[in-house]
Amino acid sequence: MYWKLFYIFAKIGAFTIGGGVAMIPLIEREIVYKNKWMSDEDFIDIISIAQSAPGLIAVNVSIFVGHKIAGIKGSIVATVGSVMPPFIIILLVAAVFTTFKDNEAVQAVFRGIRPAVVALIAAPVIRMAVKNKLNWITGTVAVAAAVLIAFLGISPVWIIIAAIAAGIAIAAANRRKEADK
């Protein structure tokens with residue numbers, strides 16, 4: 001179990017360009033669909049927690065998924081698996097890149113990778129929206145949060161705090177309604 005978990009996260013870490021968010025659809029495919037180690041709902045919950053927690057999303061997802069599958073040892077194994085290959089690769093790239101950074105072919109490769117990275121980031125966002133059955137209210141909240149962060153420079157921390165407060169207020173109001181019936 002541990003070797004398989006390490007292998008899955010190492011493979012994803014080694015071949016994912018674009019960072020942690022780009023890893024999400026690959027982790028989902030391996031963990032939810034191929035190995036059936038957890039449900040869609042559990043995975044979405046883990047993504048939500050991982051995005052809200054401080055730190056790198058790839059590491060957070062590795063920690064939470066590893067823990068869900070195999071406890072604390074699973075967290076360690078999955079995290080080392082997801083971090084070790086990119087760490088080694090980035091060391092090698094840094095050693096070589098300074099020599100070739102002005103090379104037109106290298107610059108062309110990076111220009112070609114950019115649109116693929118955008119798609120890798122957009123895909124899990126769209127998939128999560130569909131799975132969470134966004135309606136016009138929740139869709140409006142998601143778009144408003146994106147606008148506040150991207151165009152008005154408001155920290156995501158404040159958006160998360162406001163969303164938590166709104167969720168608590170709505171839950172309390174719903175409980176009061178139920179109690180009044």
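**Helices, pocket and cavity of a predicted model**

Me: At the start of α5, which backbone nitrogen does a side-chain oxygen of Asn103 reach?

Reply: This is a predicted model. Helix α5 covers residues 104-131. At its start, a side-chain oxygen of Asn103 comes to within 2.7 Å of a backbone nitrogen, that of Ala105.

Me: What distance does α5 reach from its first C-alpha to its last?

Reply: Helix α5 has 28 residues, for which about 40 Å is expected at 1.5 Å a residue. The distance from the first C-alpha to the last is close to that expectation, at 42 Å.

Me: At which residue of α5 does the kink lie?

Reply: The helix contains a proline, Pro115. Shortly before this proline, α5 has a kink of about 25°. The kink lies at Arg114.

Me: Which helices are among those that cover the buried residues of α5?

Reply: In α5, Val117, Pro124 and Met128 are buried. The cover over the buried residues of α5 includes two helices, residues 20-34 and residues 40-52. These are α2 and α3.

Me: Which element gives the most to the lining of the largest cavity?

Reply: One cavity of 30 Å³ or more is counted, and the largest has a volume of about 50 Å³. Its lining consists of Ile24, Glu28, Phe43, Ile44, Ile47, Pro124, Arg127, Met128 and Lys131. While α2, α3 and α5 each supply at least two residues, the top contribution is four residues, from α5.

Me: Which residues that line the largest pocket are the closest to its centre?

Reply: The largest pocket holds about 1300 Å³ of space. Of the 31 residues that line this pocket, the closest to the centre are Ser48, Gln51, Val141, Ala142 and Ala145.

Me: Which helices each supply at least two residues of the lining of the largest pocket?

Reply: The chain has seven helices and zero strands, and its elements run α-α-α-α-α-α-α from the N terminus on. Among the helices that each supply at least two residues to the pocket lining are residues 136-150, which form α6, and residues 156-180, which form α7. The full set is α2, α3, α5, α6 and α7.

Me: What distance separates the C-alpha atoms of Ala163 and Ala145?

Reply: Ala163 is in helix α7 and counts as partly exposed because its relative accessibility is 48%. Ala145 is among the residues closest to the centre of the largest pocket. Along the chain the two alanines are 18 residues apart, and their C-alpha atoms are separated by 9.4 Å.

Me: Does Ser82 count as buried or exposed?

Reply: Ser82 is in helix α4, residues 57-100. Its contacts beyond four places in sequence are Phe9, Ala10, Gly13, Met23, Ala58 and Ser62. A polar atom of the Ser82 side chain also lies 3.1 Å from the backbone oxygen of Thr79. The relative accessibility of Ser82 is 4%, so Ser82 counts as buried.

Me: Which residues does Glu30 touch, not counting residues up to four places away in sequence?

Reply: Glu30 is in helix α2. This residue is buried because its relative accessible area is 4%, under the 20% cut-off. Setting aside residues up to four places away in sequence, Glu30 touches Ile8, Lys11, Ile12 and Asn35.

Me: Is Lys36 buried or exposed?

Reply: Lys36 is in the loop between α2 and α3. Its phi is near 50°, a positive value in a residue other than glycine. Most residues other than glycine have a negative phi. With a relative accessible area of 63%, over the 50% cut-off, Lys36 is therefore exposed.

Me: Which residue just after α5 takes a positive phi?

Reply: Helix α5 covers residues 104-131. Just after this helix, a positive phi of about 50° is found at Lys133.

Me: What percentage of the residues in the chain do buried residues make up?

Reply: The C-alpha atoms of the chain fill a box of roughly 70 × 45 × 25 Å along the principal axes. Of the contacts with a separation of 6 or more, 53% join residues 24 or more positions apart. Among the 181 residues in the chain, the buried share is 27%.

Notes: Residues numbered from 1 in each chain as written. Predicted model: local features only at pLDDT ≥ 70, side-chain atom pairs only at ≥ 80, totals over all residues. Heavy atoms only, no water. Expected span 1.5 Å × (residues − 1). Bend = angle between axes of the 7 residues up to and from the residue. Buried < 20%, exposed > 50% of the residue type's maximum accessible area, 1.4 Å probe, protein only. Contact = heavy atoms within 4.5 Å. Polar contact = N/O pair within 3.5 Å; in protein donor to acceptor, adjacent residues only side chain to side chain. 1 Å grid on protein atoms, 1.4 Å probe; cavity = no way out; pocket = protein on both sides within 12 Å on 5 of 7 lines; lining within 4 Å. Points joined across faces, edges and corners; volume = space filled by probe spheres on them.
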